[in-house]
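Good morning, colleagues, and thank you for coming. I shall present one protein structure today, beginning with a single residue and then widening the view.

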Amino acid sequence: MTTHSLASLHHQYSFLKRLSNSESFHLPPSSLFLHPSPSSSSSSTTTITSSTTTTFSLSPTTSSSTPTTTNPISFDTLKHHLSTQNFFQADEETRRLLIVLAGEAAQKRRYVFFSEVQFISEADLKAIDELWKQYSNNKFGYSVQKRLWQKANKDFTKFFIQVGWMKKLDTEIEQYNYRAFPNEFTWELNDETPEGHLPLTNALRGTQLLNSILSHPAFEGEEDEKEAEVKGSLRDNGPKPLTSLFPKPDYSF
């Protein structure tokens with residue numbers, strides 16, 4: 001046993017000695033190893049060798065929880081269309097801006113989910129609204145639509161009829177239907193144009209998107225005028241007796 005062990009050790013020693021003196025022993029090519037990245041902003045992992053520590057870059061992960069826009073948004077195109085009374089193109093540009101402001105997912109999808117409206121900043125939504133009001137003599141804009149929506153007690157059917165998004169059908173029973181886009185909508189500003197007619201928001205798949213826009217914090221200050229009058233009347237005069245709520249009977253013929 002002992003003789004065999006000594007012989008084995010001697011054989012291994014001789015092999016290592018020949019290996020160290022051989023000119024054919026080379027390190028693996030450097031291309032087989034990761035190279036350090038000059039970037040320090042991304043996440044990293046550390047590989048430890050016998051004497052050195054090297055940091056290697058990994059691809060940063062992207063989060064999709066809160067869409068953000070890194071580049072500033074320009075409203076010049078919207079302003080140009082509105083200032084030249086090209087309301088159809090202004091409506092198209094408004095829709096494009098909302099998609100951009102809503103985040104990357106909306107841009108890939110090419111339309112906005114109602115749940116993404118919260119990602120649009122108050123400043124940007126107010127800027128769009130102010131341009132619409134400025135170039136329509138306060139006849140168009142989201143804040144105008146919110147006031148009319150509140151006057152209709154937030155009944156979207158009544159609101160759609162009031163702003164001209166629905167038309168009355170020629171039937172014996174009073175019925176309404178959505179107008180066909182774009183030919184049946186009004187793209188001019190005149191006395192016959194319904195207040196709040198523009199900008200349009202597609203409600204064929206439901207009213208959640210429009211509800212989210214009109215309920216956005218950017219328009220929280222838009223209080224219903226009728227509701228404000230009622231509150232002021234109750235505050236100044238106090239509650240009125242029930243008899244004052246009903247007209248006196250008229251027995252004359």
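**A histidine and its surroundings**

If we set aside the neighbours within four places in sequence, His216 is in contact with Val117, Ile120, Ser121, Glu122 and Leu125. Please bear in mind throughout that this is a predicted model. His216 itself belongs to the loop between α8, residues 208–214, and α9, residues 225–237. Is His216 buried or exposed? Its relative accessibility is 4%, and since buried means under 20%, His216 counts as buried. One of the residues just named also takes part in a polar contact: the side chain of His216 reaches the backbone oxygen of Ile120 at 2.8 Å.

Thr171 offers a second example of a side chain reaching a backbone oxygen, in this case that of Ile173, at 2.4 Å. Thr171 is placed in the loop between β3, residues 166–168, and β4, residues 176–178. With a relative accessible area of 37%, Thr171 is partly exposed.

**The chain as a whole**

Let me now step back. The protein chain has nine helices and four strands. Along the sequence, these elements follow the pattern α-β-β-α-α-α-α-α-α-β-β-α-α. The chain has 253 residues, of which 28% count as buried. Its accessible surface comes to about 18400 Å², and carbon and sulfur atoms account for 53% of that surface. As for contacts between residues at least 6 apart in sequence, 56% of them join residues at least 24 apart.

**Helix α7**

I turn next to α7, which spans residues 156–163 and in which Phe156, Phe159, Phe160 and Val163 are buried. Why may we say that these buried residues line one face of the helix? Viewed down the axis of α7, they fall within an arc of 100 degrees, and therefore they line one face. The elements covering the buried residues of α7 include α6, which is residues 142–151, together with β3, β4 and α8.

Both ends of this helix deserve a remark. At the N-terminal end, Asp155 acts as a cap, with a side-chain oxygen 3.0 Å from the backbone nitrogen of Thr157. After α7 comes Gly164, whose phi is positive, near 85 degrees.

**Aromatic rings and charges**

How many aromatic pairs does a search of the whole structure find? The search finds 16. Trp132 and Phe140 form an edge-to-face pair, with 6.2 Å from centre to centre and 70 degrees between the planes. Trp132 is buried, at a relative accessible area of 0%, and Phe140 is likewise buried, at 0%.

Phe159 and Phe160, which we met in α7, make a pair of another geometry. Their ring centres are 5.9 Å apart and their planes stand at 55 degrees, so this pair is tilted. These two phenylalanines also belong to one aromatic cluster, formed by Trp149, Phe156, Phe159, Phe160, Trp165 and Tyr178.

Two arginines are placed over rings. Arg109 lies over the face of Phe113, at 3.7 Å from the ring centre. The charged end of Arg205 sits over the ring of Tyr111, 5.5 Å from its centre.

**Backbone details**

I close with the backbone. In general, most residues other than glycine have a negative phi, and most peptide bonds are trans. Against that background, four places merit attention.

Which bonds are cis? One is the peptide bond from Phe181 to Pro182, with omega near 0 degrees. Another joins Leu198 and Pro199, where omega is about 0 degrees. Pro182 is found in the loop between β4 and α8, and Pro199 lies in the loop between β4 and α8 as well.

The remaining two places concern asparagines. Asn137 has a positive phi, near 55 degrees, and is found in the loop between α5, residues 122–134, and α6. At 68% relative accessibility, Asn137 counts as exposed. Asn153 also has a positive phi, near 55 degrees, and its place is in the loop between α6 and α7. With a relative accessible area of 64%, Asn153 is exposed.

Thank you for your attention.

Conventions:
Residues numbered from 1 in each chain as written. Predicted model: local features only at pLDDT ≥ 70, side-chain atom pairs only at ≥ 80, totals over all residues. Heavy atoms only, no water. Buried < 20%, exposed > 50% of the residue type's maximum accessible area, 1.4 Å probe, protein only. Polar contact = N/O pair within 3.5 Å; in protein donor to acceptor, adjacent residues only side chain to side chain. Contact = heavy atoms within 4.5 Å. Arc of directions from axis to C-beta. Phe/Tyr/Trp six-rings, centres within 6.5 Å; stacked < 30°, edge-to-face > 60°. Lys NZ or Arg CZ within 6 Å of the ring centre and 35° of its normal. Areas by Shrake-Rupley, 256 points an atom, 1.4 Å probe, with all protein chains shown as cover.
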